[in-house]
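Student: I would like a close look at a single part of this structure. Please treat the charged side chains and their surroundings in one connected account.

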Amino acid sequence: MLSDDERAILDLESRFWKHAGAKEAAVRDSLGLTPTRYYQRLAALLRRPEAAAYAPATVRRVTARR
């Protein structure tokens, strides 16, 4: 089962960002994480079946981008 923080990471990643730096600011403001730590946690989440069940389109998109 995903924690609230893990769901918040996937929810934030599912958004589309129009301006450079907007995503990093949102990561800091809403999650309290540095961008580096955010991407580390996101990478770990992508390997979990619970993440794919919660946000399949986001997991597929991010995985394909990698």
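**A buried glutamate and its partners**

Tutor: With a relative accessibility of 1%, Glu-13 counts as buried, because the cut-off for that class is under 20% relative accessible area. The model is a predicted one, and the values discussed here are computed from it.

Glu-13 forms a salt bridge with Lys-23, and the closest N and O atoms of this pair are 2.8 Å apart. Lys-23 belongs to helix α2 (residues 22-31) and Glu-13 to helix α1, so that the pair links distant parts of the chain, ten residues apart. Lys-23 and Glu-13 are both buried.

Glu-13 also forms a salt bridge with Arg-65, where the closest N and O atoms lie 3.1 Å apart. Because Glu-13 lies in helix α1 and Arg-65 in helix α5, this pair ties together parts that are 52 residues apart in sequence. Arg-65 is exposed, its relative accessible area being 52%, whereas Glu-13 is buried.

The second of these bridges leads to helix α5, which spans residues 56-65. Within α5, the residues Thr-58, Val-59 and Val-62 are buried. Viewed down the axis of α5, the buried residues fall within an arc of 95°, and they therefore line one face of the helix. The general background is that an α-helix has 3.6 residues a turn, so residues three or four places apart point the same way. The buried residues of α5 pack against α1 (4-14), α3 (35-46) and α4 (49-54). Helix α1 thus appears in both respects: the buried residues of α5 pack against α1, and the salt bridge from Glu-13 to Arg-65 joins α1 with α5. On the face of α5 turned away from its buried side are the exposed residues Arg-60 and Ala-64.

The account can now be widened to the whole structure, in which a search finds five salt bridges. One further example is the pair Glu-50 and Arg-48, whose side chains meet in a salt bridge at 3.4 Å, N to O. Salt bridges that share partners join Glu-6, Arg-48 and Glu-50 into one network. Glu-50 is partly exposed, with a relative accessible area of 31%, and Arg-48 is likewise partly exposed, at 24%.

Key: Residues are numbered from 1 along each chain as its sequence is written. This is a predicted model: local features need pLDDT of at least 70, side-chain atom pairs count only at pLDDT 80 or more; totals for chains, interfaces and linings use all residues. Side-chain values use heavy atoms; hydrogens and water are left out. Buried means under 20% relative accessible area, exposed over 50%, partly exposed in between (1.4 Å probe, protein chains only). Helices (H or I, at least four residues) and strands (E, at least two) are DSSP runs, numbered from the N terminus. The arc is that of the directions from the helix axis to the C-beta atoms. Contact means heavy atoms within 4.5 Å. A salt bridge is a side-chain nitrogen of Lys or Arg within 4 Å of a carboxyl oxygen of Asp or Glu.
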